[in-house]
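Please open the model in your viewer and keep the sequence beside it, since the tour moves from one selection to the next.

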Amino acid sequence: MSTTVPAGGTKATGVDKLVQTNPDYDPNIVVEAQNLSKVYRDFWGRQKVQALRSLDLEIRRGEVFGLLGPNGSGKSTTIKLLLGLLFPTSGRAVVLGKDATEVSKNERIGYLPEESYLYRFLTAEETLDFYGRLFDMPADIRRQRSAELIEKVGLTWAKRRQLREYSKGMVRRIGLAQALINDPDLILLDEPTSGLDPLGTREMKDMILDLKAQGKTILMCSHLLADVQDVCDRIAILYQGELKELGRVDSLLKVGDETQVRFKGVPESAHAEIRQLIEKHGGSVLALENPRTTLEELFLTIVRESQARPGHRGEGARSSG
Amino acid sequence: MVVESFPDFLKWLPDASLVFLLVLVIGAVLGTLAGYLIATFRHGPFEAFYVVAEVLAGAIPDFLKTSWRRVMAIARLSIKEAMRRRIVLATFAVFAFALLFGGWFLNTGAENADRLYLNFVLWGTQMLVLLMGILISSFSLPEDIKSRTIYTVVTKPVRATEIVLGRMVGFGILGTGLLVLMGLISFVFVWRGLSHTHQIVGDTQTTAALSPIDSATGLNAQGQRASDNALKSGETVFESGHNHSIELIEDIRDADSKPINMGNVLRQYDRNDGKIVYERVICNPAYGHTHEVTLVGEGEEKRIVLGPAAGYFRARVPIYAGSLIFYDGQGELKERGIDVGTEWRYRGYVDGGTYLTPGSLSRAVFDFNDLQPEMFDNPDRINLEMTLGVFRTFVGNIQKRVMASMRFESVPNNPELEDRIVSDTIVFETQEFEVQTLPISRKLRGERQNPNGTVVETGEFDLFDDFIKGNGKLRLILRCEDKNQYIGVSLADVYLRGKDDLFWANFLKGYIGIWIQMMIIIAMGVAFSTFLSSPITILMACVVILVGFSSDFIRGLLLPTAVGGGPIESFYRVITQKNMEAGVEAGMVTSLMQETDKLLLKSLEMLTNLAPDFSKLNFAEFLTHGYSIDTDRVLVALAMCLAFWCGLAVLGYFCLKTREIAK
């Protein structure tokens, strides 16, 4: 759990354990969509909606890939096609070198659905035990892995309660735990932060980054732009089933003709001098002000301080009040 | 009781396996064709070919690599899920409620009260368990798909076989548990419901309470006719709606034959002719049961104690004849008996001749095989039980019973060389709707005939040592002795009564029948719910059950001998306005039509096997009528259950595999 492997690293993972029959298999390409299209039809075969149009995509080992788009843009459809929950109308989806409809690829996959569709009458322990059995795990490994994951997602105190008594955030956490039960190489997360409070969102993002640090490949889809920006290496933007943009987050967001400088410990009197220097080089100053923290950061600071010192008003609250 | 099939598992198995394979092949061909058509609709004719091939090729590893750990994981989940739905609890609650208050309405004083009780629990259990089976199996998968919980299951390395089998096994285990519980409770309910004893009318409860029989009229103190050998009589008090008469009888026996129960002997003395007289107190049977009498105390006046009800819970073992053939009035061999018109075809009839043509040679011949003395409780006196049909061409006095006769014959292995032993004719009276028991003594008077029919010896012959000898065969010839009247028999109407089976073992077999029906219905529910919604699944399961219950009728329509021909010929008759009986002009078109019909009828007949024949799976009637359920019959039903499970698991697999789980 603690070894850090750089993105695109060559750690021997379970991918290699899968028996490969695909001669074109490149172990560095974990997910590949070729001309993938999906048309939803009604009972009589009439076209209802074209959910995905000729999607070409490659996701490399060790990266966090974000599928971005408004509601109904085809994000979930793409994930369902990659999981074999839907059959493509045309094109092909290859996951870990195998066709998406093949069951054996699931050995090395973890999937967190949009809403954690879990059996509400099971407890957290029973849930993980059940999914562990589906991976044909022996009892002792199942028990050990369940305990580790429950600890990791912070539900040890509620592990014997039925999921129907859980809050949405707790269900989301146990949903993530079930996705990780088999220590997968590829993790598909459908709207991982939906329904979570800022604290939960932050924890989820931290967990994603932690998984990335372990060399896992992650494909997530979301319409919450900040989340994607925080964790993803590369993103694809979908709109009405079509791929509109694809690339690295840092290069996509880079504004080429502007430069941002942040410094500390310089008095306000020096600002005029700085303006003059910029204008001397032919530039114009767009903003020269104290930076603001994000509301998320402020909220997290307050909560963490409150947890550390119960009964005291937080630093952040005083400074903003 | 109507019994039309006498299965022999080992003989049945090869033919049944062939039918199973044929149905499987036809199903596979039709299924592949349907799959290809659907794939063509989705992908076009060329790609469809590859899609179908891929699905078929993928099926083999899916079946071979099925993991039982995963199957059992899904089975456990299904059990928990079904328990949570409370269908099982509701079923048990209805059952418990029915038993709690059902007892009020069951009349223990009725004739055959055991039949009433057994019918009640068996029918109730069967209906509740089948209903529960349909409900839990039909709702589970569609509900799982609707709530999308199945997403987290199918995205694990779980094969469609494991999902289908897991559900089937899970619900099977749950249903079995419930059925075991219901069976045990039913057993106790029936046992306790009928358990009773009586006291004797009179303060003393002793033999002094018995009053003498009027020797002139033969009537007892209550004015009823007493047994011929009765000395005194009395009666019990009313209990469970009935009472019994008690008699002190004079049982005269040879010195070497003691009564089995000596506990009810009041006194015994030697008669001057070398026989011993036992004066015993007996309780006369009433309402299908009796009570064992025990005399307690010393001296002349002993206390009479009646034991618990005996004779209720029987598992009679009928030893049926291997074959039944008929001869008509002229002595011609016929496969069936005389057809007496629009009567039930189950029985064939033999006639007693008419006044114009007396001396009818009409007879029914039963050939028994493999008879051995060990098969009977008391080989010295075996019981022949009969339920004969009577057809009267004139009524006259409807109360008058019809005269019939029987005789036994040995069946030599080589009739041209070996002698034959023929018993004297035993004449008896019979009547419709009556179960008769004729005790047959081991020593029968008769004659030995040589192969050309000459009598070589007359005298007393031993049933086992002379008639049956080494080959275990015995022939029974039944005739009607009343002119203008007919006696109807079927193979199951006449049987020798063997040693009784244990009642609890028979009870268990009866419940195995219900279990088999439940298991098939659960498999159907799961298989259909892989491609249908819950209400449609329930509807479809009900349709298959209805077809299953009437499969005999449907098969009758598909016989090549059916009037009017097959589907094409019938259609031809409709459009050309020909009646059903009129001949169709010969020619190539007719031949083609009739040959195609034959093929169609055969295929349709094969398809009727797709619905389980529930009449073959239901043993309740045997149990309620007190007959032992043949182990071969249970084995046939178990094999049918296994065949349906295999077929339905395959159907469920392909339907689940080829459907899109997500929407």
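Leaving aside its neighbours within four places in sequence, which residues is A:L188 in contact with? Select A:L188 and you will find that, beyond those neighbours, A:I79, A:L82, A:L83, A:I109, A:Y111 and A:L219 are in contact with A:L188, where contact means that the C-beta atoms of two residues, placed from the backbone, lie within 7 Å.

Before going further, note that this is a predicted model, in which local features need pLDDT of at least 70 and side-chain atom pairs count only at pLDDT 80 or more, while totals for chains, interfaces and linings use all residues. Residues are numbered from 1 along each chain as its sequence is written, and chains are lettered from A and ligands numbered from 1 in the order in which they are written.

Now add B:A523 to the selection, because A:L188 and B:A523 touch the most other members of the largest nonpolar core, which has 152 residues; such a core is a set of buried Ala, Val, Leu, Ile, Met, Phe, Trp, Tyr and Cys residues joined through C-beta atoms within 7 Å. A residue counts as buried if 20 or more other C-beta atoms lie within 10 Å of its own, as exposed if 12 or fewer do, and as partly exposed in between.

Next, select chain A as a whole, which has 10 helices and 10 strands; helices (H or I, at least four residues) and strands (E, at least two) are DSSP runs, numbered from the N terminus. Of the 321 residues of this chain, 38% count as buried.

Turn then to the place where the chains meet, at which 24 residues of chain A are in contact with 24 residues of chain B. On the chain A side, the elements that give two or more residues are α1 (75–83), β6 (109–112) and α2 (124–134), and α2(A) supplies the largest share, 4 residues.

In chain B, go to strands β6 (residues 290–296) and β7 (residues 303–310), which run antiparallel and are joined by 6 bridges; two strands pair if DSSP finds at least two bridges between them. Select B:H291 to see one such partnership, with B:A309 in β7(B), and then B:G297, which takes a positive phi near 110 degrees in the hairpin of these strands, where 6 residues lie between them.

Finish at B:K146, in helix α5 of chain B, which is partly exposed because 13 other C-beta atoms lie within 10 Å. The C-alpha atoms of B:K146 and B:T206, 60 residues apart along the chain, are separated by 75 Å.
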